[in-house]
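Colleague: I'm new to this one and would like a close look at a single part: the charged pairs, and what sits around them. Could you walk me through it slowly?

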Amino acid sequence: ITSARACDPAELANVYSVDSCGRAFRVDEACEAEQHCDEGLCARGPPPTPCDGAVDAAPGRLEGNLMGAGALQPSCSEDVGAEHILRFQAPQAGDWIFDASGSAFDSILHVRTVCADAGSELACDDDSAGALQARLELALEQGDEVYVILDSHGRAGDWVLEISRSE
C-alpha cells in the first residue's frame with residue numbers, strides 16, 4: 001500500500017543497515033517510519049534488500065548474466081559491481097569448491113553466513129583461479145547454509161559457477 005506522499009529516489013542515499021535478524025534494509029529518510037520509497041511514493045512495510053533475490057543453488061554448473069549495480073561489499077576488493085546472490089545448503093559435510101572460471105568478466109566470490117552482514121563473511125577471493133577468475137574452497141558441515149555472492153569489478157556479463165565437493 002502506498003501513500004500519496006512523494007519521495008525522490010534519486011535524492012535518497014542508497015544506505016543499507018542491518019536489523020537484529022541480519023536482514024538488510026535501506027534507510028529512507030524522506031518517508032515516515034515503517035515506510036520506504038517505492039517508485040517515487042512512500043510505501044508501507046520493509047523495503048526490498050539486495051538479498052531478497054537470492055537464488056537457491058545445488059551442486060553442479062550454474063550459469064547466468066550479471067546486470068545492474070551491486071550493493072554487497074566484498075572484503076577482498078574495493079570494487080562493487082554487478083552481483084548475483086546464491087543461497088547454498090551443503091547436502092553433506094566436506095570441503096566445497098565454488099569456482100567462477102569461465103565467467104566473461106573479472107570475478108570476485110565472497111561467502112557469508114548472513115547475506116547482508118559483511119561481518120559474517122567466511123571467505124573472499126579475487127583471482128586465485130587465474131585469468132582474473134575467482135575460486136573458493138570452504139569446509140562446511142551437512143546442512144550449513146551460506147550465501148555465495150558472485151561479484152564483478154563494475155562490469156556485467158555472462159557468468160559460470162561450478163559448485164562441487166572436493167574429493
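Modeller: Let's start with Glu63 and Arg61, which form a salt bridge with their closest N and O atoms 2.7 Å apart. A salt bridge here is a side-chain nitrogen of Lys or Arg within 4 Å of a carboxyl oxygen of Asp or Glu. Both Glu63 and Arg61 are exposed, where exposed means over 50% relative accessible area, buried under 20%, and partly exposed in between (1.4 Å probe, protein chains only).

A quick word on the ground rules: this is a predicted model, so local features need pLDDT of at least 70 and side-chain atom pairs count only at pLDDT 80 or more, while totals for chains, interfaces and linings use all residues. Residues are numbered from 1 along each chain as its sequence is written, and side-chain values use heavy atoms, with hydrogens and water left out.

Back to the charges: the count comes to four salt bridges. Another one brings together the side chains of Arg87 and Asp56, at 2.7 Å from N to O. That pair ties distant parts of the chain, with Arg87 in strand 8 and Asp56 in strand 6, 31 residues apart. Strands are DSSP runs (E, at least two residues), numbered from the N terminus, and helices are runs of H or I with at least four. Arg87 has a relative accessible area of 23%, so it is partly exposed, and Asp56, at 58%, is exposed.

Then there's Arg135 with Asp99, whose side chains meet at 3.7 Å, N to O. This pair also bridges distant stretches: Arg135 is in strand 12 (residues 135–140) and Asp99 in strand 9 (residues 94–99), 36 residues apart. Arg135 is partly exposed because its relative accessibility is 31%, while Asp99 is buried at 17%. Salt bridges that share partners also join Arg61, Glu63 and Glu162 into one network.

Now look at Leu161, because its surroundings lead back to where we began. Among the residues Leu161 touches, leaving out those up to four places away in sequence, are Arg61, Asp99, Phe98 and Val148; a contact is heavy atoms within 4.5 Å.

Leu161 also belongs to the largest nonpolar core, which has 23 residues, and is one of those with the most contacts inside it, along with Phe88, Phe98, Leu109, Leu140 and Val148. Such a core is a set of buried Ala, Val, Leu, Ile, Met, Phe, Trp, Tyr and Cys residues joined through side-chain atoms within 4.5 Å. Strands 8, 9, 10, 12, 13 (145–152) and 14 (157–165) each supply at least two of its residues. Apart from it lies another core, of eight residues, with Ala54, Leu72, Ile85 and Cys115 among them.

Cys115 brings us to one last kind of link: it forms a disulfide with Cys51, their sulfur atoms 2.1 Å apart, a disulfide being a pair of cysteine sulfur atoms within 2.5 Å. The two cysteines are 64 residues apart, Cys51 in the loop between strands 5 (41–44) and 6 (55–57), Cys115 in the loop between strands 10 (107–112) and 11 (121–125). Cys115 is buried at 4%.
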